Amino acid sequence: MKKLIAALSVTALVLTGASSPAVATTQQTQAPAKTPTAIGFGGAVSSVDPDATNIGLDVLRRGGNAVDAAVATAAALGVTEPYSAGIGGGGYFVYYDAKQRKVFTIDGRETAPATMPSNAFVNPATGQPYPFAQLVTSGVSIGVPGTLATWDRALKKWGSLSLGKALTPAADLAERGFVVDPTFRLQTLDNKDRFSQVLPTAALFLPNGDAPQVGTLFKNPDLAQTYRLIGQQGSSAFYTGALAGEMAAVAQNPPKTPNATLPFFPGYLRASDLAAYKTIDRKPTKVRYEGLDVYGMAPSSSGGTTVGEALNILRPQHLRQQSTTQSLHTYLEASALAFADRNAYVGDPAYVDVPVQELLSRGFGAERSCLIDPQKAATKPVPAGSPDGDYARCPQGAGVEARQDVKGQSTTHMVAADKWGNVVSYTLTIEQTGGSGITVPGRGFILNNELTDFSAVPNPQDPNRVEAGKRPRSSMSPTIVLRGGKPFLALGSPGGSTIITTVLQTLTNRLDRGMTLPQAIAAPRASQRNTASVTAEQAFIDQYGVALGSYGHTFTPAGPPGSSASEIGAVAALEFLPGGAILAAAEPSRRGGGAAGTAWPFRVR
C-alpha cells in the first residue's frame with residue numbers, strides 16, 4: 001500500500017503540472033472551479049462542465065452506479081451545455097459491465113420522420129440542395145429525439161436510480177441557475193443572428209437582446225419544470241401527450257419573428273413519430289491494438305468502424321518506432337483511408353448492408369496500410385477500398401520506412417466509472433452548436449438539426465441518403481479500451497466528423513507516442529477526413545506545419561482565431577491505474593477547460 005501511495009503521489013504531481021424568459025441576474029457570481037485532472041478512488045466523472053461533473057460525483061458518493069451518474073451528468077449538461085446536448089437530441093451510450101466483463105451499447109440516434117421524402121433538402125425550382133445554413137435553422141432538419149429514451153433504457157437495464165431521481169439534480173440546477181462562463185457567452189453570440197429570429201429562443205437565450213454576461217447567473221425554470229414532469233410521469237410524458245404535440249408543432253411551423261430573414265422550411269416531425277421512437281441495443285465494434293481491446297459504437301454511428309479501421313491500418317506501421325513527424329504523417333494518411341471507406345460503406349444498417357466485419361478485419365486494414373507512402377502524402381480524396389474478404393499483401397518495397405524527423409464544435413461527451421468497476425462512455429448531441437435554433441416554447445430546450453447529417457443530394461448508391469425512418473450516419477465515437485478484460489481507458493469527444501480523428505489522435509498519443517493521458521488530450525490536433533487540405537488547430541500548424549509540408553500535406557485553420565470553431569474537439573477521458581485508482585482527465589483549455597473529478601480524491605501528503 002505504501003508503494004501504491006508513493007506511486008500515486010508522483011503521478012499526481014506530474015499530471016496536475018412562448019417561453020418564460022430565462023433569468024440572468026446581473027450580480028457577478030463565483031463559478032465552480034474547473035479541475036481538468038484528478039486521481040482518486042470510488043469512481044470518477046469527466047465532462048466539459050464542473051456543475052455537471054459535480055452532480056455525477058455526488059450520485060456516486062451517495063451509492064449510485066456509473067449509469068446513474070452518467071444519466072445525472074448528461075441531464076445536467078442539458079442545462080449548462082444547452083447548445084450541445086439536451087433532450088431535444090440523441091446520442092450513443094457505451095457501457096462496460098464489470099460483473100459480466102462485457103461491453104454493451106445503446107443506439108439513441110435521432111431518426112427521420114416517417115413522412116420525410118428523399119428530396120427533402122432539394123430546392124424543386126433549381127434541383128439543387130438548399131444552402132446548408134438555411135437547412136440547419138429550420139424544421140426540416142429536426143429528427144425524432146432519442147436522448148431521453150437512451151437515459152430511460154440505460155437506467156432500466158443497468159441503473160439503480162429511477163428516471164425521476166436521476167433527473168432531480170439537473171432540475172434543481174436549472175432552477176437555481178449556473179454561472180455563465182466565456183464559452184457559453186461566445187457560443188450564444190456565435191448564434192445570435194439565428195437565435196434572434198426564433199421567438200422562444202430569443203426570449204430564453206437572448207434576454208434583453210444580448211447574450212448573458214459572463215459571471216451572471218443563468219436560470220432555466222422551463223427546463224426545470226420539464227425535467228420534473230418527465231420525472232413524475234416517465235419518458236411517456238416526452239414521447240406522447242402534450243409535449244410530443246408541441247415538438248411536432250414547432251417543427252412543422254417554426255415560431256419565427258415577423259422580421260426573420262431565414263426561410264425556416266417546415267419540417268416533417270409528427271407526434272406519431274415520437275410515439276414510435278425506440279432505441280436499439282447494438283453489439284459494439286471491437287478491434288485489437290497493441291495488446292488492447294478497443295470497443296466502439298457500431299453503425300448507425302461510423303465512429304466505431306472508422307476508428308477501428310484506422311487502428312488496423314496503423315497496426316503494421318508501428319507508430320512507436322517512428323519519429324514525431326513521421327507518426328503524424330502516418331496518422332493523417334490512415335485517417336484519410338478510413339474516411340474514404342466510411343463514406344462509401346457506412347449508413348443505418350436497417351437500410352444499408354454495412355460490411356462491418358470486413359471493415360474491421362486485420363486483412364483489410366493491412367491492405368489499406370500498404371497504400372501509405374512513408375515519404376509522401378497521397379493526393380486526396382483517396383478512393384475507397386474493397387472490403388470483400390480477399391486481401392493482398394503489400395508489394396515488395398511498399399510499407400513502412402523510417403524517415404528522419406524534421407525540426408471543431410457541437411455535441412458533448414462524458415465518462416463515468418463507479419467503485420464496482422462499471423464504466424460509461426457517452427456522447428450526446430443536438431448536432432450543430434445551437435442545434436436547429438428552435439426552442440420548444442415553455443419547455444426550455446432546443447431541438448436538434450440532426451437530419452443535416454444525411455447527404456443532401458438523393459443518390460441511390462449513397463449509404464447515407466435521406467430515407468423515412470432512417471438514422472443519419474454519425475461520427476460519434478464513445479470508446480472503451482480493455483486490457484486483460486478490464487477497463488484501461490474510456491474516452492470520447494464532440495466535434496462533428498472531427499470526433500473520429502480526435503479520438504484516434506488521442507488514442508495514438510497515449511498508446512504510441514509516450515504521452516500521459518492529460519498530455520494526449522492537451523496536444524494540438526489535426527483532422528484529415530479525406531480532403532485536399534488537413535483541418536488543424538493553429539497550434540498544430542505552428543508546431544508541425546513546415547515539417548509535414550515536406551511530405552505534401554497542406555493545412556487549413558479549423559476556424560477564425562478566438563472563435564469556438566478554432567478548436568477541434570473537447571475530450572473527456574478516464575484511465576484506470578494499478579491498485580484501483582482512476583485518473584480522470586478533461587480539456588485544460590479547449591471550450592474554456594473541462595472538469596474531472598473522483599468520488600474520493602487522492603491527496604498528496
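Arg-109 is buried, because its relative accessibility is 0%. This is a predicted model, so treat everything below as a reading of computed coordinates. Even with no accessible surface to speak of at 0%, Arg-109 has charged company: its side chain meets that of Asp-453 in a salt bridge, 2.7 Å from N to O. Asp-453 sits at 24% relative accessibility, and because buried means under 20%, it counts as partly exposed.

Arg-109 also pairs with Glu-110, with 3.6 Å between the closest N and O atoms. Here both partners are buried. Put together with Glu-450, these residues make up a network of salt bridges: Arg-109, Glu-110, Glu-450 and Asp-453. Another salt bridge to look at joins Arg-471 and Asp-107, where the closest N and O atoms are 3.1 Å apart. Arg-471 and Asp-107 are both buried. The whole model has 25 salt bridges.

Here are those three pairs side by side.

| Salt bridge | N to O distance |
|---|---|
| Asp-453 and Arg-109 | 2.7 Å |
| Arg-471 and Asp-107 | 3.1 Å |
| Glu-110 and Arg-109 | 3.6 Å |

**The annotated positions**

Arg-109 and Asp-453 come up again in the UniProt record. Its unreviewed entry lists them under "binding site", along with Ser-474, Ser-475 and Gly-496.

Where does Ser-474 sit? Look in the loop between strand E11 (423-429) and strand E12 (479-483). Ser-474 is buried, with a relative accessible area of 2%. Setting aside neighbours within four places in sequence, its contacts include Arg-109, another of the listed positions. Tyr-92 and Arg-342 are also in contact with Ser-474, and so is the run Ser-300, Ser-301, Ser-302 and Gly-303.

Gly-496 belongs to another loop, the one between strand E13 (486-492) and helix H18 (498-511). Its relative accessible area is 22%, so Gly-496 counts as partly exposed.

The "active site" annotation, also from an unreviewed UniProt entry, covers Thr-411. You'll find Thr-411 in the loop between helix H17 (362-369) and strand E10 (412-418). Is Thr-411 buried or exposed? It is buried, with a relative accessible area of 4%. Its side chain makes a polar contact of 2.9 Å with the side chain of Thr-429. Beyond four places in sequence, Thr-411 touches Thr-429 and a number of others, among them Ser-84, Thr-427, Leu-428, Glu-431 and Met-476. Pro-494, Gly-495, Ile-499 and Arg-591 are on that list too.

**Two more buried loop residues**

Lys-470 lies in the loop between E11 and E12, which is also where Ser-474 is placed. With a relative accessible area of 0%, Lys-470 is buried. Which residues does Lys-470 contact, leaving aside its neighbours within four places in sequence? They include Glu-110, a member of the salt-bridge network, and the residues after it, Thr-111 and Ala-112. Asp-348, Tyr-351 and Val-352 are in contact with Lys-470 as well, and so are Phe-454, Pro-463, Asn-464 and Arg-465.

Asn-191 is in the loop between helix H7 (182-190) and helix H8 (192-195). At 6% relative accessibility, Asn-191 counts as buried. Its side chain reaches two backbone oxygens: that of Gln-187 at 2.9 Å and that of Thr-433 at 3.5 Å. Outside the four-place window in sequence, Asn-191 is in contact with Thr-433 and Gly-434.

**Rings**

On the aromatic side, the model has 19 aromatic pairs. One of them is Phe-93 with Trp-158, a stacked pair with 6.2 Å centre to centre and 10° between the planes. Phe-93 comes from strand E3 (residues 90-97) and Trp-158 from helix H5 (residues 147-158), so the pair ties together parts that are 65 residues apart in sequence. Both Phe-93 and Trp-158 are buried.

There is also an aromatic cluster, made up of Tyr-83, Phe-178, Phe-184, Phe-195, Phe-205 and Phe-218. Elsewhere a charge meets a ring: Arg-483 lies over the face of Phe-488, at 4.0 Å from the ring centre.

Key: Residues are numbered from 1 along each chain as its sequence is written. This is a predicted model: local features need pLDDT of at least 70, side-chain atom pairs count only at pLDDT 80 or more; totals for chains, interfaces and linings use all residues. Side-chain values use heavy atoms; hydrogens and water are left out. A salt bridge is a side-chain nitrogen of Lys or Arg within 4 Å of a carboxyl oxygen of Asp or Glu. Buried means under 20% relative accessible area, exposed over 50%, partly exposed in between (1.4 Å probe, protein chains only). Rings of Phe, Tyr and Trp (its six-membered ring) pair if their centres lie within 6.5 Å; planes under 30 degrees apart count as stacked, over 60 as edge-to-face and the rest as tilted. Helices (H or I, at least four residues) and strands (E, at least two) are DSSP runs, numbered from the N terminus. A charge sits over a ring if NZ of Lys or CZ of Arg is within 6 Å of the ring centre and within 35 degrees of the ring normal. UniProt positions are given in the numbering used here, feature names are shortened, and annotations may be inferred rather than shown by experiment. Contact means heavy atoms within 4.5 Å. A polar contact is a pair of N or O atoms within 3.5 Å; within protein, one must be able to donate a hydrogen and the other to accept it, and residues adjacent in sequence count only if both atoms are side-chain atoms.
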